[in-house]
Amino acid sequence: MPRPVAERWFERQRIDDDVTLLWEPHVDRLIRCNIWHVRGRDADLLVDTGLGIVSLAEAARDLFDKPVIAVATHTHYDHIGGLHEFAHRLVHRAEAAGMTDFRDFATLRSADIEAAILAGLRAAGFAQADELVTAYPHAGFDVGAYRIVSTAPTRIVDQGDLVDLGDRRFEVLHLPGHSPGSLGLWEAASGTLFSGDAIYDGYLIDDLPTSDVAYYVRTMRRLRELPVRTVHGGHKPSFGRERLIAIVDDYLRRKGAA
Ligand SMILES: [Zn+2]
Ligand SMILES: [Zn+2]
């Protein structure tokens with residue numbers, strides 16, 4: 001069935017003076033990640049870059065009036081499609097090689113997802129249709145030709161490294177479990193955490209081939225101790241500390257680790 005052509009590909013919402021959320025409204029919720037832009041004094045921070053179906057660098061050009069430090073919270077395809085467009089590209093050590101030479105799964109078609117995994121996703125309300133897009137960026141868009149562009153990180157980061165915007169400083173937290181190189185960006189001064197897919201207020205995925213439940217449990221226990229005020233996740237709406245504790249405790253209970 002032919003899809004409508006979207007008038008614009010990215011939506012955005014100003015969260016506060018410095019933080020803007022961007023997202024791709026015409027893609028299935030499964031692969032609709034949050035793209036966070038943080039305005040700094042000397043540089044801007046971009047946390048994840050979406051699917052790369054349409055150029056993020058062009059669509060959000062008005063936001064980028066300084067050098068942009070683009071960080072991949074991890075290298076699942078819905079988070080890194082636009083990474084190659086930016087001059088500064090940060091990836092955790094554990095997933096750097098996989099970004100330089102991207103061979104991981106990436107598709108806009110439900111049929112390409114392994115049957116058992118797709119059944120689980122569909123039970124959770126995702127990927128109900130054949131295609132994972134509900135509109136096309138232009139007429140004649142070829143869903144089957146979708147690819148991720150490999151790109152080498154310009155800076156490989158690890159636990160404790162700092163991302164400095166001049167007036168704001170974020171510490172890299174290594175948060176494995178969902179994926180080996182999942183990271184969060186923690187600003188202690190404001191109690192703000194950009195958490196990627198390590199934690200968000202929704203269905204958390206820990207059963208991918210590269211997921212690790214034991215690591216995930218450890219990550220959750222660690223997040224529970226963090227004095228957060230605001231969590232901006234890789235999917236779904238932002239939340240505060242009380243909700244974080246509830247999500248963590250629910251996860252630990254389900255894994256028999258409470
Ligand atoms: Zn992910
Ligand atoms: Zn994700």
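This is a short tour of two zinc sites and the largest pocket in a predicted model.

**Stop 1: zinc ion (ligand 1)**

Start by selecting the zinc ion (ligand 1) and showing the side chains around it. The protein donors are H74 through NE2, H76 through ND1, H178 through NE2 and D197 through OD, at 2.1 to 2.3 Å from the metal. Now check the angles: what arrangement do the 4 donor atoms make? They subtend angles of 87 to 178°, and that makes the arrangement irregular. Four donors would count as tetrahedral only if all angles lay between 85 and 135 degrees.

Next, colour the donors by position along the chain. Their spacing reads H-x1-H-x101-H-x18-D. Pick out H76 and H178 here: H76 sits in the loop between strand 5 (68-71) and helix 2, while H178 sits in the loop between strand 9 (169-174) and strand 10 (183-187). With their positions 102 residues apart in sequence, this pair links distant parts of the chain. Switch on a surface and ask whether H76 and H178 are buried or exposed. Both are buried.

**Stop 2: across D197 to zinc ion (ligand 2)**

Keep D197 selected and add the zinc ion (ligand 2). D197 bridges the two zinc ions, ligand 1 and ligand 2, which are 3.3 Å apart. Which protein donors does the zinc ion (ligand 2) have? They are H79 (NE2), D197 (OD) and H235 (NE2), lying 2.0 to 2.1 Å from the metal.

Along the chain, these donors follow the pattern H-x117-D-x37-H. Zoom in on the D197 and H235 pair: D197 is in the loop between strand 11 (192-196) and helix 5 (213-224), and H235 is in the loop between strand 12 (230-233) and helix 6 (241-254), so the two tie together parts 38 residues apart in sequence. Put the surface back on, and you'll find D197 and H235 buried.

**Stop 3: the largest pocket**

Hide the metals for a moment and bring up the largest pocket, which holds about 1000 Å³ of space. Its lining takes in 44 residues, and L30, H76, D78, D197 and I205 are the closest to the centre. You've met two of these already: H76 is a donor to the zinc ion (ligand 1), and D197 is the bridging residue.

Now colour by secondary structure. Strand 2 (19-23), helix 2 (77-80) and helix 4 (115-123) each give two or more residues to the lining. Helix 2 gives the most, with 3 residues.

Finish by colouring the lining by residue type: 21 of its residues are nonpolar, 13 polar and 10 charged.

Notes. Residues are numbered from 1 along each chain as its sequence is written. Chains are lettered from A and ligands numbered from 1 in the order in which they are written. This is a predicted model: local features need pLDDT of at least 70, side-chain atom pairs count only at pLDDT 80 or more; totals for chains, interfaces and linings use all residues. Side-chain values use heavy atoms; hydrogens and water are left out. On a 1 Å grid over the protein atoms alone, a cavity is a set of points where a 1.4 Å probe fits but cannot get out, and a pocket is an open set with protein on both sides within 12 Å along at least five of seven lines; lining residues have an atom within 4 Å of a point. Grid points are joined across faces, edges and corners, and a volume is the space filled by probe spheres set on the points. Helices (H or I, at least four residues) and strands (E, at least two) are DSSP runs, numbered from the N terminus. Ala, Val, Leu, Ile, Met, Phe, Trp, Tyr, Cys and Pro count as nonpolar, Asp, Glu, Lys and Arg as charged, and the others, Gly among them, as polar. Donors are N, O and S atoms within 2.8 Å of the metal (3.2 Å for Na, K and Ca); water is not among the atoms, so sites may look incomplete. Four donors count as tetrahedral if all angles lie between 85 and 135 degrees; four count as square planar and six as octahedral if opposite donors are over 155 degrees apart and all others between 65 and 115; anything else is irregular. Buried means under 20% relative accessible area, exposed over 50%, partly exposed in between (1.4 Å probe, protein chains only).
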